[in-house]
Every structure is written in C-alpha cells, then in structure tokens.
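Please load the structure in a viewer and keep the selection panel open. The stops below are given in the order in which they may be selected.

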Amino acid sequence: MGVRGRSTDPTLSRDYLSNLYSLFVLSIMMFDDRSEEEILSLAMTSVPALGPCWVEAAYVVRDRRLTPLPGGTGEQLDSQLLALRGAEGSVSLPSRAWGRALALRSFGGHTGYVVVAAKTEPSRDELFLVKVLVQQTAAALANASLHRAEREHARELKTLNDERAAVNERLTTTVSDLERQTTIHEELTKVSASGAGEDGIAEALHKLTGLPVAVEDCFGNLRTWSGPDRPTPYPSSSTEAHEDVLRRAACNGRPLRHKDRLIALAQPRSEILGVLALIDPGRTAGHHEEFALEQAATVLALELAHARNLAEVELRLRRELVEDLLSGTDEESAFARSEALGHDLHGAHHVAVVQWHGRANDDAVATAVARATAGAGLKALLARCTGEVVALIKGRPDENNLYDAVARELGSTTGSIGIGGRCD
C-alpha cells in the first residue's frame with residue numbers, strides 16, 4: 001500500500017486515492033460521537049494501513065501536563081517531547097531507525113502527540129497521509145472534548161434545575177405552612193379575645209381541623225364538645241388508666257395519640273387544668289392538625305388559668321368580706337365590696353354556721369350550702385373556716401329545709417346547722 005514518491009503509475013495513484021478515501025471514512029467515524037479514548041484508539045490502529053509506520057506512543061495534555069496513554073516508552077521520550085514545546089519534530093527511539101513526534105493541534109492549541117516509528121524513513125506522501133490522519137484526530141479530539149463539556153454542562157444545568165425545583169418546592173411548602181399556621185394563630189387569637197371561652201376554642205379547633213373536639217377536665221369529665229357524633233353517655237376510664245394517659249402526655253411534650261384520639265394538655269405550669277382532644281378514629285390528623293391542637297391547648301390553658309384565678313380571687317374576696325362583717329367593718333367599704341361581688345347587703349341578713357362530719361370536706365360542704373341556698377331562692381356570701389362553713393344569708397332561711405337540702409347534696413345526715421339572729 002505504501003508509495004515512496006509521486007508517480008504517474010495508475011495503480012499507485014489508485015492506491016493513493018484509496019488511502020485518501022480511507023482517511024475520509026476514518027474522519028467521519030472519528031466525528032461520529034465517539035469518546036476521546038475511542039478516537040485515539042482508532043487513529044493508532046489505522047496508521048499502519050497508510051504506510052510502513054506504526055504508533056509508538058500517544059500523549060494527551062491533561063491539566064496542563066503532557067500525559068502518556070498506556071503503552072508509552074518511558075522517561076527518555078517524555079523529556080524529548082517536553083523539549084519540542086508543542087512543535088512537531090524528530091525523536092530518538094530505542095531500536096528504531098526512524099521516529100517522529102506529530103503534534104495534535106486544534107483551535108484550542110496543543111493537545112498532545114502521536115509518536116510514530118518505522119524501520120526506514122517513510123516517503124513524503126506516506127508521511128503526509130499520517131500527518132493528515134493526526135490532524136483529523138486532533139480535530140476529532142477537540143470536537144469530542146466540546147461535546148463532553150456540553151454534556152457535563154447539561155448535566156450540571158439539570159442538577160441545578162433539579163436543585164432549584166426542590167428548593168422552590170420546599171419554599172412553597174414552607175410558605176403554605178406559614179400561611180396556615182398564621183391562619184390558626186389568628187383564629188385562636190380572635191376566639192381568645194372575644195371571650196368565647198371553652199366553647200369558642202373547641203368550635204374554632206373543629207373548624208380548623210374538621211375533626212370533632214372534646215374538652216375535658218383533669219378527671220376526664222366532658223366540659224364541652226364541638227362537632228358531630230357526640231357520644232351519649234360520654235365514656236369514662238378508670239382513675240389509674242386516666243392518670244397514666246395524662247402522665248404520658250405530660251412527658252411526651254407534644255400531642256399524644258391514645259386509641260382513637262389525639263390529645264394535648266391544658267397545662268400552663270406544672271398543674272394540669274384540662275385536656276383537649278381531637279377525635280380521630282381514621283388517623284387522618286397530620287402536621288397541621290397537631291399544630292392547631294397544640295396552639296388551641298395553649299389558649300385553653302390560659303383560659304382555664306384565668307377562670308381559676310378569677311374564682312380564687314372571688315372566693316378570697318367573699319371570705320374576707322364575710323370575716324370582716326362578722327368582726328366588724330365600716331358600712332361604706334362593706335357596701336362597695338359586696339356590690340363588686342354582686343351581693344346586696346341592704347336588708348335583713350342571717351348568719352348560718354354549717355358543720356358536717358364523715359367524708360365531706362370544707363369544699364364539699366361549701367358547695368352543698370351554695371346549692372342549697374340557691375335552690376331555696378336565697379342569696380348568700382360564703383366563707384370556709386377550718387371544720388365549718390359560714391354563710392351570710394339575705395333573708396330568713398328555714399333551718400329544717402336548709403338542713404335537708406345540704407344533707408341531700410352531701411348524701412349524709414351527720415351534720416348540724418346553727419342560724420343566728422336577724423341583722424339589718
């Protein structure tokens with residue numbers, strides 16, 4: 001196949017044209033979406049078909065360094081190539097009569113070397129064909145490098161787009177969560193400010209979650225219900241089981257699922273004042289429902305604490321007023337304080353002292369006396385003392401009726417009632 005000079009021999013011309021055609025085909029193959037390694041391999045295996053040469057070594061520039069591909073001939077050749085500084089030139093190869101380093105160059109600059117060897121120096125035409133192949137190889141390598149960079153860029157863009165889409169999705173979710181949480185805050189704040197109390201809190205939580213809501217006292221008794229399917233009678237559990245649920249809920253620090261309910265404690269400090277429960281047999285409550293339950297429990301805790309504080313203040317004021325009236329105080333102060341408590345001191349009053357024995361404590365006796373006097377249509381101010389309850393009653397109570405009413409309330413007749421004289 002090799003031709004050592006220009007000739008008019010038709011056979012040689014046909015061989016030369018055949019080699020040129022082979023180069024054209026190789027060029028097409030090199031540009032056919034091949035990797036850099038495949039292009040170099042194709043070039044190295046094709047050199048012997050163009051003349052009496054073969055590829056001794058191939059080098060590529062990587063990270064600004066001339067790097068030999070597998071099969072290089074050692075440090076001696078490396079140093080010769082470095083001395084050429086990117087230009088073509090002759091090289092000395094062990095046991096080779098002729099060797100030459102052909103530079104791989106493209107529009108981007110020097111990209112490497114193909115070192116060819118032969119037993120004898122090839123003709124000008126043969127060397128020309130090899131050089132054309134090397135230049136086609138350099139162009140194909142540059143094209144492959146561009147395609148690789150484009151693919152890497154496309155992958156990076158896709159990664160960035162995917163990351164941006166994920167960030168946007170998270171931002172959208174976060175904004176949606178914040179908007180929903182803001183709505184929950186606003187609704188519960190509105191209910192708290194309106195003075196709707198426990199009923200309003202339960203109703204608002206039901207509207208926010210779509211689930212039935214129960215408000216219980218700390219003993220498990222129902223205080224209020226909002227939503228459908230209110231059970232009648234309301235279920236109760238043993239004291240031990242109920243206390244265990246409250247203990248677990250307090251330790252959990254967040255809403256606790258217990259059977260078909262999701263519960264949160266109304267616990268402003270260490271004392272549990274009540275329980276707020278979402279009735280959720282289908283276990284549909286998620287993050288937003290839990291958040292609404294927690295916020296509603298906080299509002300309920302403030303409501304119950306406020307109600308208890310008011311009750312304690314009123315109880316203390318009543319006790320202090322009764323004690324002052326019994327020991328003696330000025331009328332102007334007495335009238336003003338009684339009006340604040342909703343009691344009219346004008347007119348005849350009687351003092352009743354109630355003692356009860358057995359299981360009844362002072363609180364139970366006071367409650368029984370309050371119900372008994374209210375049932376008889378009487379207004380009374382009560383004060384608890386150790387072992388007895390003092391009642392300042394407007395009007396003249398019937399001692400027998402009062403005793404019977406208190407006994408019924410307490411379920412016991414082991415008590416006594418003393419009623420003093422009239423005081424105007």
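Leaving aside its neighbours within four places in sequence, with which residues is isoleucine 272 in contact? The model on display is a predicted one. Select isoleucine 272 together with Cys218, Leu246, Leu265, Ala266 and Gln267, which are its contacts once those neighbours are left aside. Isoleucine 272 sits in the loop that runs between strand E9 (261–266) and strand E10 (274–279). For a distance check, add leucine 304: its C-alpha lies 10.0 Å from that of isoleucine 272, and the two residues are 32 apart in sequence.

**The nonpolar cores**

Next, select Met30, Val47, Leu104, Val116 and Leu133. These are the residues with the most contacts inside the largest nonpolar core, which has 29 residues. Two or more residues of this core come from each of helix H1 (10–30), helix H2 (36–46), strand E1 (54–62), strand E4 (98–106), strand E5 (109–118) and helix H4 (124–194). H4 gives the most, with nine residues. As a general background, nonpolar side chains in soluble globular proteins tend to be buried together.

Centre the view on leucine 104. Not counting residues up to four places away in sequence, leucine 104 touches Leu40, Tyr59, Gly109, His110, Thr111, Gly112, Tyr113, Val114, Val134, Thr137, Ala138 and Leu141. Apart from this core lies another, of 27 residues, which includes Ala202, Ala292, Ala297 and Leu300.

**Helices H4 and H5**

Now display H4 with helix H5, residues 197–209. Two packed helices are described by the angle between their axes and the distance between the axes. For H4 and H5 the angle is about 160° and the axes are 9 Å apart. Angles over 145 degrees count as roughly antiparallel, and H4 and H5 are therefore roughly antiparallel to each other. Their crossing is right-handed.

To see the contact, select Arg180, Ile184, Glu187, Leu188 and Val191 in H4, then Gly200, Ile201, Ala204 and Leu208 in H5. By class, the residues of this contact are six nonpolar, one polar and two charged.

Keep Arg180 and Ile184 in view and add histidine 288, which touches both of them as well as Asp177, not counting residues up to four places away in sequence. Histidine 288 belongs to helix H7, residues 287–327. Is histidine 288 buried or exposed? Its relative accessible area is 17%, and buried means under 20%, so histidine 288 counts as buried.

**Helices H9 and H10**

Move on to helix H9 (residues 362–375) and helix H10 (residues 399–410), which pack at an angle of about 130° with their axes 9 Å apart. H9 and H10 are therefore oblique to each other, and their crossing is right-handed. On H9, select Ala364, Val365, Ala368, Val369, Arg371, Ala372 and Thr373; on H10, select Leu402, Ala405, Val406, Glu409 and Leu410. This contact of H9 with H10 has nine nonpolar, one polar and two charged residues.

Retain Leu402 and Val406, and add isoleucine 417, which touches both. Isoleucine 417 also touches Ala352, Val353, Val354, Trp356 and Tyr403, again not counting residues up to four places away in sequence. Isoleucine 417 is placed in strand E14, residues 415–419. The C-alpha atoms of isoleucine 417 and valine 353 are separated by 5.7 Å, although the residues are 64 apart along the chain.

**Backbone features**

The last stops concern the backbone. Most residues other than glycine have a negative phi, and most peptide bonds are trans.

- Select arginine 64, in the loop between E1 and strand E2 (65–68). Its phi is near 65°, a positive value in a residue other than glycine. With 84% relative accessibility, arginine 64 counts as exposed.
- Select serine 95, in the loop between strand E3 (89–90) and E4. Its phi is also positive, near 60°. Serine 95 is exposed, with a relative accessible area of 74%.
- Select threonine 232 and proline 233, where the peptide bond from the former to the latter is cis, with omega near -5°. Proline 233 is found in the loop between strand E7 (222–226) and helix H6 (239–252).

Terms used
Residues are numbered from 1 along each chain as its sequence is written. This is a predicted model: local features need pLDDT of at least 70, side-chain atom pairs count only at pLDDT 80 or more; totals for chains, interfaces and linings use all residues. Side-chain values use heavy atoms; hydrogens and water are left out. A nonpolar core is a set of buried Ala, Val, Leu, Ile, Met, Phe, Trp, Tyr and Cys residues joined through side-chain atoms within 4.5 Å. Buried means under 20% relative accessible area, exposed over 50%, partly exposed in between (1.4 Å probe, protein chains only). Helices (H or I, at least four residues) and strands (E, at least two) are DSSP runs, numbered from the N terminus. Contact means heavy atoms within 4.5 Å. Axes are lines fitted to C-alpha atoms, for helices over the stretch in contact, and angles run from 0 to 180 degrees between N-to-C directions. Angles under 35 degrees count as roughly parallel, over 145 as roughly antiparallel, 65 to 115 as roughly perpendicular and the rest as oblique. A crossing is left-handed if the near helix is turned anticlockwise from the far one by less than a right angle, and right-handed if clockwise. Ala, Val, Leu, Ile, Met, Phe, Trp, Tyr, Cys and Pro count as nonpolar, Asp, Glu, Lys and Arg as charged, and the others, Gly among them, as polar.
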